[in-house]
Amino acid sequence: MTSSSFKGLRVKDLQVYYDTPEGVVKAVDGISFSLPQGKRLALVGESGSGKSTLSMALMRLTRAPGRIAGGNIFLDEDDILDLDVEEMRLARLSKISLVPQGAMNSLNPVLRIKDQILDGLFDHQVFGSKKITKDEQLSKVNELLSAVELLPSVADMYPHELSGGMKQRVAIAIATSMDPKVIVADEPTSALDVVVQRTVMQTLGRLQEGLEASIVLVGHDMGLVAQFADFVGVMYAGRMVELGPVNSVFEKPLHPYTRLLIRSLPTLENKEDFVGIPGLPPPLLNLPPGCTFCTRFGRENKNTPPWKEISKDHWISECEVCSDIGK
Ligand SMILES: Nc1ncnc2c1ncn2[C@@H]1O[C@H](COP(=O)(O)OP(=O)(O)OP(=O)(O)O)[C@@H](O)[C@H]1O
Ligand SMILES: [Mg+2]
């Protein structure tokens, strides 16, 4: 497939840095991946590995002291980094939309749910220049609420009157209100209990399929995302260390970090002994080039490992110095 006919989201060598008084934090340090339209990619990795920084950059919502320092983000053929501010504002919600980390707290506490849903639609002039009646507005709101399995009565409520799961459903209704082709969901269910998590994920998945949208789902939990995603991307210290079809990554993890992450998943057999990953990720401040996983184990490879496709759609950051760890 030539790159010009690719449909979906394609990220090339993306770099997002934070300029701090102490130096540059390379929170996303040269990440590349392709996600075909309609497919689901889950991003996993320890806290601080750069998942939210990447998600916000995909929306071009990086704020100071952060900046997108290089790379490309193609939606189909267009690089959204080339859009001007107004074009990007219009692309958000209609082409690419975000369910932010802690989305349930992102709702405005003093606005009724219907007004929060309508806000984005008016902003994008979805109803065009024609004057639409209150009834027409409400029927659009009800349609969106029912798509996330909420009752019409929710329209008149304030966020504090809703449970966490309901608020999360409202955030999903807003994110899908303009039929975007890419949905970025940053830990959309992490504040919810497991049963509610599952039902909210089912709703999100059903909507995404209906829209034939791609979804980038951020989550800590390998086990949870494995059930949902087609592809999994493993992030470590601002880089992608492994990316591939979920089955392939779980059955044959190629990067040592992925192997250790999978091993640290609780199973019925090992529930007595919690298996963590030894050591800590390196501080991202003024990070020198080279393999950042080696340093966790007291090894050294001064060359940044190349990003290689080992088998179809299965990529790793290949370092010969640490490749035996976790085998
Ligand atoms: N405003 C900021 N200024 C400086 N550094 C920042 C800023 N925001 C994030 N960082 C750093 O960028 C790195 C990546 O953070 P990010 O929030 O993207 O990680 P994450 O993978 O989403 O973590 P979590 O799983 O905890 O949500 C961290 O080292 C963090 O300290
Ligand atoms: Mg995060």
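**View 1. Glu187 sits in the loop between strand 7 (182-186) and helix 6 (194-211).** This is a predicted model, so read each close-up with that in mind. Glu187 has a positive phi of about 45°, although it is not a glycine. Is Glu187 buried or exposed? Glu187 is buried, because it has 20 other C-beta atoms within 10 Å and 20 or more is what counts as buried.

**View 2. Leu93, in helix 2 (residues 85-94), is another place to check the backbone.** Here phi is near 80°, a positive value in a residue other than glycine. With 22 other C-beta atoms within 10 Å, Leu93 is buried.

**View 3. An open sheet of eight strands runs in the order 6-7-8-3-9-10-12-11.** The pairing in this sheet is mixed. Look for strand 6 (96-99) and strand 11 (307-311) at the edges, where each pairs on one side only. From one strand to the next, the twist averages 20°.

**View 4. Strand 3 is largely enclosed by the rest of the structure, because five of its five residues are buried.** Which residues point which way? Arg40, Ala42 and Val44 go one way from strand 3, while Leu41 and Leu43 go the other, and all are buried. Yes, that list includes an arginine: Arg40 is buried along with the others.

**View 5. Strand 3 has parallel partners in strand 9 and strand 8.** Strand 3 (residues 40-44) and strand 9 (residues 231-236) are joined by four bridges. In that pairing, Ala42 stands opposite Val232 of strand 9. Strand 8 (residues 214-218) also pairs with strand 3 over four bridges, in the parallel sense. For a landmark in this pairing, find Leu43, which stands opposite Val218 in strand 8.

**View 6. Helix 9 (residues 256-263) lies across strand 9 and strand 10 (239-245).** What angle does helix 9 make with strand 9? Helix 9 runs at about 105° to strand 9. Strand 9 thus turns up in two close-ups: under helix 9 in this one it is crossed by the helix, and in the previous one it is joined to strand 3.

**View 7. Four strands make an open antiparallel sheet in the order 2-1-4-5.** Strand 2 and strand 5 (78-79) are at the edges, each with a single partner strand, so one side of each has no neighbour in the sheet. Strand 1 and strand 4 run antiparallel and are joined by eight bridges. One pair to pick out is Val16 and its bridge partner in strand 4, Ile68.

**View 8. Helix 1 lies across strand 1, strand 2 and strand 4.** The helix runs at about 65° to strand 2. Seven of the eight residues of helix 1 are buried, so the rest of the structure largely encloses it. The buried ones are Lys51, Thr53, Leu54, Ser55, Met56, Ala57 and Leu58. As a reminder for reading side chains off a helix, an α-helix has 3.6 residues a turn, so residues three or four places apart point the same way.

**View 9. Two backbone details follow helix 1, at Arg60 and at Pro65.** Just after helix 1, Arg60 takes a positive phi of about 55°. Pro65 lies in the loop between helix 1 and strand 4 (66-75). The peptide bond from Ala64 to Pro65 is cis, with omega near 10°, so check that your setup keeps it.

**View 10. Ligand 1 is surrounded by 16 residues.** Which residues are the closest? They are Ala27, Ser47, Lys51, Ser52 and Thr53. The elements that give two or more residues to this shell are strand 1 (8-20), strand 2 (23-36) and helix 1 (51-58). Helix 1 gives the most, with three residues. How does the shell split by class? It has five nonpolar, ten polar and one charged residues.

Note on methods. Residues are numbered from 1 along each chain as its sequence is written. Chains are lettered from A and ligands numbered from 1 in the order in which they are written. This is a predicted model: local features need pLDDT of at least 70, side-chain atom pairs count only at pLDDT 80 or more; totals for chains, interfaces and linings use all residues. Two strands pair if DSSP finds at least two bridges between them. Axes are lines fitted to C-alpha atoms, for helices over the stretch in contact, and angles run from 0 to 180 degrees between N-to-C directions. Two residues are in contact if their C-beta atoms, placed from the backbone, lie within 7 Å. A residue is near a molecule or strand if its C-beta atom, placed from the backbone, lies within 6 Å of it. Ala, Val, Leu, Ile, Met, Phe, Trp, Tyr, Cys and Pro count as nonpolar, Asp, Glu, Lys and Arg as charged, and the others, Gly among them, as polar. A residue is buried if 20 or more other C-beta atoms lie within 10 Å of its own, exposed if 12 or fewer, and partly exposed in between; C-beta atoms are placed from the backbone.
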